[in-house]
Amino acid sequence: MGRHVSPQHRRSLRRVTIVALIGIVVLAGVLAFAGYSIWARVREPAPTRRPAAAAPAATLTLTVTGPRCQVFVGVPGGDILVNRTLVRGQTLRFGDARLNVVLSDAGAVQVDVNGVRRPAGEPGRRAAFTAVRR
């Protein structure tokens, strides 16, 4: 004769199986969240390379006055601080000693270097320059 499993024991095995499956799903969710958090933090720029918050110490201040402008700001030697499209009203400040700057639309950005406003560029024209702290 075969082995007989009582109905109570069968229900108990089902409960254990369901609880184990729920535990596996929860564990997978926690691991996925942790993995995403780590991935997002790795992709975030280093805090020391972010635009400086203090306006008086800023070497470079960029304020978009036109509809939009692609802005590239980097440190000589390869570190890229910003490479993205900014829209009207956005402002960036940087405190690094030397910065390479490229603007896709020189007429769409107000540029201050060491607190001194640079002359406005020609609308629709690309501009590239180096800002140096004095």
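Asn114 is partly exposed, with a relative accessible area of 27%. The model that holds Asn114 is predicted. Asn114 sits in the loop that links β6 and β7. Its backbone has a positive phi, near 55 degrees, in a residue other than glycine.

**Overall fold**

The protein contains one helix and eight strands. In sequence order the elements read α-β-β-β-β-β-β-β-β. Of its 134 residues, 23% count as buried.

**The four-stranded sheet**

Strands β4, β1, β6 and β7 make an open sheet, arranged in the order β4-β1-β6-β7 with antiparallel pairing. The edge positions belong to β4 (91–94) and β7 (116–117); each has a single partner strand, so one side of each lacks a neighbour in the sheet. Strand β6 covers residues 109–113 and is joined to β7 by two bridges, the two strands running antiparallel.

The residues on either side of the Asn114 loop are also linked through a pair of side chains. Asp112 has Arg117 of β7 as its bridge partner. The side chains of Asp112 and Arg117 also form a salt bridge, with an N to O distance of 3.1 Å. This distance meets the criterion for a salt bridge because the cut-off is within 4 Å. In general, side chains of opposite charge can pair when their charged atoms come close. A search of the whole structure finds one salt bridge. The two partners differ in exposure: Asp112 is buried, at 14% relative accessible area, whereas Arg117 is exposed, at 52%.

**Strands β5 and β8**

Strand β5 (residues 98–103) pairs with β8 in the antiparallel sense, over six bridges. Within this pairing, Val102 has Ala128 of β8 as its bridge partner. Strand β8 spans residues 127–132, and its side chains alternate between two faces. Ala127, Phe129 and Ala131 point to one face and are buried. Ala128, Thr130 and Val132 point to the other face and are not buried. As a general rule, the side chains of a regular strand alternate between the two faces of the sheet.

Ala128 also gives a reference point for a residue elsewhere in the sequence. The C-alpha atoms of Phe72 and Ala128 are separated by 9.3 Å, with these positions 56 residues apart along the chain. Phe72 belongs to strand β2 (residues 68–74) and is partly exposed, with a relative accessible area of 24%.

**Helix α1 and the surface patches**

Helix α1 takes in residues 7–43, and Arg11 lies within this helix. Arg10, Arg11, Arg14 and Arg15 form a positive surface patch. Val30 is placed in helix α1 as well. Ile18, Ile22, Val26 and Val30 make a nonpolar surface patch of about 370 Å². Arg11 and Val30 can serve as sample members of the two patches: Arg11 is partly exposed at 40% relative accessible area, and Val30 is partly exposed at 48%. Both values meet the requirement for patch members, because that requirement is over 30% relative accessible area.

**Accessibility of the residues discussed**

| Residue | Relative accessible area | Class |
|---|---|---|
| Asp112 | 14% | buried |
| Phe72 | 24% | partly exposed |
| Asn114 | 27% | partly exposed |
| Arg11 | 40% | partly exposed |
| Val30 | 48% | partly exposed |
| Arg117 | 52% | exposed |

Note on methods:
Residues are numbered from 1 along each chain as its sequence is written. This is a predicted model: local features need pLDDT of at least 70, side-chain atom pairs count only at pLDDT 80 or more; totals for chains, interfaces and linings use all residues. Side-chain values use heavy atoms; hydrogens and water are left out. Buried means under 20% relative accessible area, exposed over 50%, partly exposed in between (1.4 Å probe, protein chains only). Patches are made of residues with over 30% relative accessible area and no salt bridge: like charges are joined within 9 Å, nonpolar side chains (Val, Leu, Ile, Met, Phe, Trp, Tyr) within 5 Å. Accessible areas come from the Shrake-Rupley method with a 1.4 Å probe; for residues, only the protein chains shown count as cover. Lys and Arg count as positive and Asp and Glu as negative; His and the chain ends are not counted. The place of a charge is taken as NZ of Lys, CZ of Arg, CG of Asp or CD of Glu. Two strands pair if DSSP finds at least two bridges between them.
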